[in-house]
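Student: I am new to this structure. Can you show me how to read it, feature by feature?

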There are 2 protein chains.
Amino acid sequence: MPQDLQHRPKVALAVDLAIFTVREDRFQILLVERANQPYRGQLALPGGFIDTDDEDIDVTAARELAEETGLTADRLHLEQLRTYGRPDRDPRGRVVTVCYLALMPDLPIPVAGGDARSARWAPVDAILTGEVHLAFDHQVIVSDAVERARGKLEYSSLGAAFCPAEFTISELRRVYEIVWGQQLDPRNFHRKITSVAGFLVPTGERTTRDGGRPAALYRRGPATVMHPPILRGHNQNHSER
Amino acid sequence: MPQDLQHRPKVALAVDLAIFTVREDRFQILLVERANQPYRGQLALPGGFIDTDDEDIDVTAARELAEETGLTADRLHLEQLRTYGRPDRDPRGRVVTVCYLALMPDLPIPVAGGDARSARWAPVDAILTGEVHLAFDHQVIVSDAVERARGKLEYSSLGAAFCPAEFTISELRRVYEIVWGQQLDPRNFHRKITSVAGFLVPTGERTTRDGGRPAALYRRGPATVMHPPILRGHNQNHSER
DNA sequence: GAAATAGTGTCTTTCAGACATTATGTT
DNA sequence: AACATAATGTCTGAAAGACACTATTTC
């Protein structure tokens, strides 16, 4: 049994990103059109192979996110999702990919990154229904990522990651409604979200950008977890599965 | 930009396992003593490099679990935890490891697998406190794995994964108490756990192995998620973080 | 004024937490 | 009988869901 790495089989390791936003009243994900084979011309998740040996994969993901969106990782949420390693997932050979989940607000010029590939937003529904087809096993990855993102809204302050730095309660509620595809009662949402200490910090400012009575502006507070969580309806299967 | 994998830098890919059980009234994890350098003689998580190119990493994890415990993966719970890829985590060079979390009941001869390495159970507390030191970054991995396991008990039927095929409500409650390090009210636990449809299926049998009045035996039902969840006390920080 | 949205309050039901009581076995 | 644990029931308080009402802006 060899003690060094020379005799170990090695694999190509990729990092892929599922970058979500809420844009034009829809829950959307950033896709790129592949410039090269395989799957040339098809849509896929942005990502790439790891190329430096002196970099944590979390850092690689953050760097690629910055390349793709022009945003540094400290400005938005980035977390590891899962690693996918089916041997047949890439026709070129064994490629294992570590996937990350990122949530970002709808910023003016999020796309058109440094990369030459053309990036675009696509509604997640179109992918989940199979209406839009993706390269590799990215369909499955998107499905997992959406489930993770939706679940996280229940107990974390991550909904605010889709909002600009300062936002109103209504704007935050709209994010929840769009991501979950479900209407929420404005009064109860307001009560629930403001009752969590440290979750939202009022800026003191007000805005009328949503029309009607001016709404108080908030920014994200230090608290990240909500306990107990907001639950999205009872329409989920409690029993069977 | 090359289209094949020949020019891609590759890494050695490992699979490590965090195998938990409840044994002798303690929450324990399976560790092995390393037979080779680096960290020879030190305790570490069981695992190894992927050696076949035609195998999903999930399958690799299941196979190694079987080698280590003698149990097939369909008998116990196995899920991917996270991938760790700090460049300095292995002194031999770049090794990325995909870690898995496994939960198993306290079986008669779980250890003494086919592998030559000596395996042993260790209380997780000793690792979390730093009392027991582990090789590589396995300390961090165990910490993440424990947090995942504890959290999963809140909303899933995974507590039963620590129990034998047939178990009483009290035995299941003891699992929760030991994993969470927290006393639970027997009456309330009974009410809560039996109220979830499809969670526990009564076998019709009874046992007196716990003393006192005979308790009904149950086995795991088809339902896997509990909604709403059982919460472990209010002693967590709801706000700060 | 009307229309729109923000924010507060109230009522009801559900459920967690605390705890009493009864049931059924062993010694 | 005493003892141990199982199982069911009751009470209370907190919080979710449903919804009425008031407040403050624009048009």
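Tutor: Start with residue classes. Asp, Glu, Lys and Arg count as charged. Ala, Val, Leu, Ile, Met, Phe, Trp, Tyr, Cys and Pro count as nonpolar, and the others, Gly among them, as polar. Keep in mind that this is a predicted model.

Student: How many nonpolar, polar and charged residues has the surface near DNA strand C?

Tutor: That surface has 8 charged, 7 polar and 5 nonpolar residues.

Student: Which residues are the closest to DNA strand C?

Tutor: Of the 20 residues that surround the strand, the closest are Ser170(A), Arg187(A), Ala216(A), Arg187(B) and Lys192(B).

Student: Which part of DNA strand C faces the protein, sugar or phosphate, or bases?

Tutor: Look at the strand's atoms within 4 Å of the protein. Sugar or phosphate holds 53% of them, and bases hold the rest.

Student: What do side chains of chain B do there?

Tutor: Take the bases, then the phosphate. An N or O atom in the side chain of Arg187(B) is 2.9 Å from a base nitrogen of DNA strand C. For Asn188(B), a side-chain N or O atom is also 2.9 Å from a base nitrogen of the strand. Lys192(B) has a polar side-chain atom 2.6 Å from a phosphate oxygen.

Student: Which elements give two or more residues to this surface?

Tutor: In chain A they are α5 (186-195) and β9 (215-220); in chain B it is α5 (186-195). The most comes from α5(B), with 4 residues.

Student: How many disulfides are there over all chains?

Tutor: A search of the whole structure finds 0.

Student: Is Cys163 buried or exposed in chains A and B?

Tutor: Cys163(A) is buried, at 6% relative accessible area. Cys163(B) is buried too, at 7%.

Methods. Residues numbered from 1 in each chain as written. Chains lettered and ligands numbered in written order. Predicted model: local features only at pLDDT ≥ 70, side-chain atom pairs only at ≥ 80, totals over all residues. Heavy atoms only, no water. Disulfide = S-S within 2.5 Å. Buried < 20%, exposed > 50% of the residue type's maximum accessible area, 1.4 Å probe, protein only. Near = heavy atom within 4 Å. Polar contact = N/O pair within 3.5 Å; in protein donor to acceptor, adjacent residues only side chain to side chain.
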